[in-house]
Amino acid sequence: MMPPQLKIAALVSVGRNPASGAPRAARNDVLALDAALGLAREVSVLHAGDAAPALHDYLAYGAASVEVLPLPPGADALAPLAGRVAGYDLILCGQRAEAGQGSGMLAYRLAKALNMPVVSAALEISLLGDEVEIVQFLPKGQRRVVRVSLPAVIALHPLAPRNPRYVYASRRAGRLLSAPAQVGAPLPASPWQSEPAVKKPQKLKPPETRQGHARLLGAIATESKGGALVREGSAAEKARAILDYLRANRLIGF
Amino acid sequence: MNQERKRLDPRRPFLLNPAGLRRIILGATGGFDASLLAAPAHKPAAKPLRLHGDPAGYLLAAAHSQRGMLDAHAHQAIAAAALLATPQQAVAVLVFGSLNEDLRAYGADLVAVLPGADELGFAPEQELAWLDEFVTRYAPAHVFMPDNETGDGDLGRRLAVQLEAEVATHVVELKPGAVAMYWQGGAALARGPMPLVVLIAPDVVETSLPFSGAGETVAPPAAQAPPGPYQNRGLREIAASALALEEADFIVAAGNGVADIPTLEAVAAAFGAAVGASRVAVDEGKFTRDKQIGATGKTVSASTYLAVGISGAVQHLQGIKACRHVIAINCDASAPITKRADLSIVGDAQEVMTALLAGLAQRNWPDTARESV
Ligand SMILES: Cc1cc2nc3c(=O)[nH]c(=O)nc-3n(C[C@H](O)[C@H](O)[C@H](O)COP(=O)(O)OP(=O)(O)OC[C@H]3O[C@@H](n4cnc5c(N)ncnc54)[C@H](O)[C@@H]3O)c2cc1C
């Protein structure tokens, strides 16, 4: 099995119920926590920010305790997190946060700060000595297997096939631990202005310069191209035409 | 009352102007001149070039191709660059993987292709080195990439981190100099200045442009990354038949013209494809409801859609809008599906399917198809 000294951390955030907006454990972070617990008995569960009540959910999902790294408002979570997990072998997090910006950048920035490789869209993780093998999600039913050397940062895909269990007794048994306050580097004033998302975003379009008649023609014209038509020949030749088309476009592998 | 009424001759000579409008030739009389009508009314005029003269700056777009083509999302990233470029800025495009399509329609002025990049491989450090070199070469004001799960979203984030540049991800609105994206899981819309790296969400850019790019081929970047900590161990493909129709990449669909379902299922199995059906086939009880494709069924996005004995009613075509390659087998050459299909086989479904099975069983044709993946 794995060497006992492997240090694994799971980074968790406060999520947001998409329907009610109520704070909760973030789904992707629960997956990261569950994956970490599947790899090691001892996992450091870390949260940068306030000791929000929603963090107790992670205790119910199996964290023995959640360590809260206090963060002054408006400060960047990167520096305290990077300082805390330096020296860890494996750092797991969710691919995209539910609250806040949800840009999916944290894993990449953290990996850069710690000079570690980063792999995202992880579905399954297994340890192989000083390497870790990851099954990555790709669309259209494909999965990719990659290996990276430890230490590494891995972000879990929302479709990771894990089945975290919520246990109320562990929620009562676990504790939130507050680390001593750190002076995180304050972020430069944010150029982003957020507003409630009521209006639909506008699609980027070329300016309309055509006159009415041309616009009408454009609106009724169908873009159907109508491809090649094979009428003649035996059934075998027609079947051959299909296979040739598939092979010419590399749609079949044989 | 025998007064002669002055009438307009409905067949007065006329000309068609370039916009397709009928213009009467004033003063001319006489009958209809057929030679004037014979002139092609709507010759698709070549679109004007967007960029004239030497560029004074660049915008970049980069994306992975699959099987020699970029997907709609990647086209949108290129079109975004073309639409946001100033008249002096050129659009340079870097394609990871081979490319057999023309990107001028999407406004690409310079195109560099890296056929050596493995389409579904995983070599983030090598790809980052190439992209980094390309960015250094053109010093673009912005880099546009599709925020997808096939490698571009990952590579864009790596680029932003490497360059320590500002980045906007999942961008849903683009305006000159400004972007917007959702925060708080979609409850808030954040607006800000356009950063260097812009990763756009799907369907936020119109790709039918009134202009064309120059489409000049330029040398791809040649940087070589040293061996790093990543190892690609290949793909694991899940059989299409085990997938939900929405996720399948190859679908064989049956319509009213298919009588023999086992043969169709055998064809699907031979291709490793999922099975779909039209509403008529489902209503007849040949397939379960979850196989129905179309307006009241499922919307699919397979690369390959083989429609057997399907007429191609609009309600059905609605479900296959996103399919890249549509092949139809139908005994009626004028069925609407032939207008949508890239290849239409006119013939009896049963015969062609049987011949396909025979051909697939032989597999003795020269193997020039893709070797890997
Ligand atoms: C509100 C509404 C919603 C609908 N939603 C859907 C939907 O979601 N999905 C859907 O599919 N339909 C839908 N429909 C139905 C749709 O309009 C068509 O009726 C249906 O798609 C036709 O199915 P088909 O092509 O299989 O059958 P047909 O229209 O009967 O076409 C059969 C085709 O097979 C060909 N053919 C026949 N025999 C052979 C042979 N031996 N060999 C080769 N070819 C042969 C014929 O030439 C014909 O083109 C909807 C209709 C309505 C009104």
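Colleague: Where in chain B does Asp154(B) sit?

Modeller: Asp154(B) is part of helix H4 of chain B, which covers residues 152-163; helices are DSSP runs of H or I with at least four residues, strands are runs of E with at least two, and both are numbered from the N terminus. Keep in mind that this is a predicted model, in which local features need pLDDT of at least 70, side-chain atom pairs count only at pLDDT 80 or more, and totals for chains, interfaces and linings use all residues. Residues are numbered from 1 along each chain as its sequence is written, chains are lettered from A and ligands numbered from 1 in the order in which they are written, and side-chain values use heavy atoms, with hydrogens and water left out.

Colleague: Is Asp154(B) buried or exposed?

Modeller: Asp154(B) is buried, with a relative accessible area of 13%; buried means under 20%, exposed means over 50%, and partly exposed lies in between, using a 1.4 Å probe and protein chains only.

Colleague: And what does Asp154(B) touch?

Modeller: Leaving out residues up to four places away in sequence, Asp154(B) touches Tyr108(A), Ser120(A) and Phe122(B), where a contact means heavy atoms within 4.5 Å. With Tyr108(A) there is also a polar contact between the two side chains, at 2.3 Å. A polar contact is a pair of N or O atoms within 3.5 Å; within protein, one must be able to donate a hydrogen and the other to accept it, and residues adjacent in sequence count only if both atoms are side-chain atoms.

Colleague: Switching to the ligand, which residues come nearest?

Modeller: There are 25 residues around the ligand, and those that come nearest are Ser278(B), Ser311(B), Asn330(B), Asp348(B) and Ala349(B); a residue is near if one of its heavy atoms lies within 4 Å. Two helices of chain B, H6 (279-283) and H7 (314-319), each supply at least two residues of this shell.

Colleague: Which polar atoms of Asp348(B) and Asn330(B) does the ligand meet?

Modeller: For Asp348(B), a polar side-chain atom lies 2.5 Å from a nitrogen atom of the ligand, while for Asn330(B) an N or O atom in the side chain is 2.7 Å from a ligand oxygen. The backbone takes part too, with a polar backbone atom of Ile293(B) 2.8 Å from a ligand nitrogen. Taken alone the ligand exposes 980 Å², and the protein buries 71% of that, with areas from the Shrake-Rupley method, a 1.4 Å probe, and only the protein chains shown counting as cover for residues.

Colleague: How does chain B look overall, in helices and strands?

Modeller: Chain B has nine helices and 17 strands, and buried residues make up 51% of its 373 residues. If you take contacts between residues at least 6 apart in sequence, 61% of them join residues at least 24 apart. One example of distant residues meeting is Ser212(B) with Lys47(B), which are 165 residues apart in sequence and 5.7 Å apart in space, C-alpha to C-alpha.

Colleague: Anything odd in the backbone of chain A?

Modeller: As background, most residues other than glycine have a negative phi, and most peptide bonds are trans. The bond from Leu150(A) to Pro151(A) is cis, with omega near -5 degrees, and Pro151(A) lies in the loop between strands S9 (142-149) and S10 (152-156) of chain A. Asn115(A) has a positive phi, near 60 degrees, in the loop between helix H4 (106-114) and strand S7 (118-128) of chain A. Ala121(A) also has a phi near 60 degrees, but this residue is found in strand S7 of chain A.

Colleague: Are those two buried or exposed?

Modeller: Asn115(A) is exposed, at a relative accessible area of 71%, whereas Ala121(A) counts as buried at 10%.

Colleague: Last thing, where is confidence lowest in chain B?

Modeller: The lowest is helix H1 (residues 34-38) of chain B, at a mean pLDDT of 47, and the highest is strand S6 (residues 143-146) of chain B, at 96; pLDDT is the predictor's confidence in each residue, from 0 to 100. The value is below 50 over residues 36-43 of chain B, a stretch with 10 contacts beyond near neighbours in sequence. On average chain B comes to 86 and chain A to 87, and the model scores ipTM 0.87 and pTM 0.78.
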